[in-house]
Amino acid sequence: MSDLIPSHVLVRAEDLARSVAEYEAAGFTVQWGSDPETAHNALIHFREGPFIELFDPIPADANPDEFRAQMPPRVAAWLDARGLCEHALEGDRPMEAILEGLAARGIETGPAFGAERTGADGVTLRWSLTLPPRLDLPFVMSPYEPAPAIPEDDRWHANGLLRIASLEIESAQPLELAERLAAMLGGGTPRAADGVVMVEAAGFTYRIVAGREHRVASLRFNDGRTLGDVLAR
């Protein structure tokens, strides 16, 4: 059984309000992460599996260059990203136990730090994060406290989508990356077919293909459509 499971996929938005409107027009039910006037993210949950996070990490009153200089390399890279740019894993134990498990499997991690946000419903969620120094590995988070209550209506989408089925990642070393990802998940063996190395976890598939450099290339839904297909409608 995996110690970690796929958590969510990050989509960098240059204009968060515009992105929310674009996704809603494509038939997604989108929930603001906090007060829409000040929010840095918006969430798209599904009946099961990982969710999508639309995000703009730069505070409205911040100088982008100064903000970048204060951030760790991974977060700084997000500032220049457009669209799909990152993915995360989540554990069901406190961060200290998660870090111990990753270390036992030979995964180098960064220090843990806390995060929180107050949703539009007024409830403050808290969790911890760790950012592996290898930027091609996903970051890891502990469970939200308290566990968020997500109404069934917020998991329903007019475009008929039920879940994210797979995420495609480009890498200069697909097999090595797949092995590291499988180690992070705590179970499973990568399998290769037709030039794709696959890692499966909790009904979700990571598809890792050869590329010149690391890139989160695309995601595919349960009906076979990609995110680009749905947005193009």
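In this predicted model, Asp3 and Arg105 join their side chains in a salt bridge, with N and O 2.6 Å apart. The pairing ties together distant parts of the chain, since Asp3 sits in the segment before β1 and Arg105 in the loop between α4 (95–104) and β6, 102 residues apart. Both ends have some access to the outside: Asp3 is partly exposed, with a relative accessible area of 29%, and Arg105 is partly exposed too, at 22%.

A second pair, Arg12 and Asp56, forms a salt bridge at 3.3 Å, N to O. Here again distant parts of the chain are linked, with Arg12 in strand β1 and Asp56 in the loop between β4 and α2 (64–70), 44 residues apart. Arg12 counts as buried because its relative accessibility is 8%, under the 20% cut-off. Asp56, at 16%, also counts as buried.

Glu86 and Arg74 offer another buried example. Their closest N and O atoms are 2.8 Å apart in a salt bridge, which connects strand β5 (residues 83–91), home of Glu86, with helix α3, home of Arg74, across 12 residues of sequence. Relative accessibility is 4% for Glu86, which is buried, and 3% for Arg74, likewise buried. Elsewhere, Asp65, Arg68 and Asp80 are linked in a network of salt bridges. The count for the model comes to 14 salt bridges.

Not every buried charge is paired this way, and Glu53 is a case to look at. This residue lies in strand β4 (residues 51–55). Glu53 is buried but has no salt bridge, and the nearest side chain of opposite charge, that of Arg117, is 6.5 Å away. That separation rules out a salt bridge because one requires a side-chain nitrogen within 4 Å of a carboxyl oxygen. The side chain of Glu53 does have a polar partner, however: a 3.0 Å polar contact joins it to the side chain of Asn41. Leaving aside residues up to four places away in sequence, Glu53 touches His8, Val9, Leu10, Val11, Asn41, Ala42 and Leu43.

Turning to open space, the largest pocket holds about 820 Å³. Its lining is made up of 35 residues, of which Trp78, Phe113, Ala115, Trp127 and Leu129 are the closest to the pocket centre. Elements that give two or more residues to this lining are β1 (4–12), β3 (41–44), β4, α3 (73–79), β6 (112–118), β7 (124–130) and β8 (139–141). Among these contributors are strand β4 and helix α3, the elements that hold Glu53 and Arg74.

Notes. Residues numbered from 1 in each chain as written. Predicted model: local features only at pLDDT ≥ 70, side-chain atom pairs only at ≥ 80, totals over all residues. Heavy atoms only, no water. Helix = DSSP H or I, 4+ residues; strand = E, 2+ residues; numbered from the N terminus. Buried < 20%, exposed > 50% of the residue type's maximum accessible area, 1.4 Å probe, protein only. Lys, Arg positive; Asp, Glu negative; His and termini not counted. Polar contact = N/O pair within 3.5 Å; in protein donor to acceptor, adjacent residues only side chain to side chain. Contact = heavy atoms within 4.5 Å. 1 Å grid on protein atoms, 1.4 Å probe; cavity = no way out; pocket = protein on both sides within 12 Å on 5 of 7 lines; lining within 4 Å. Points joined across faces, edges and corners; volume = space filled by probe spheres on them.
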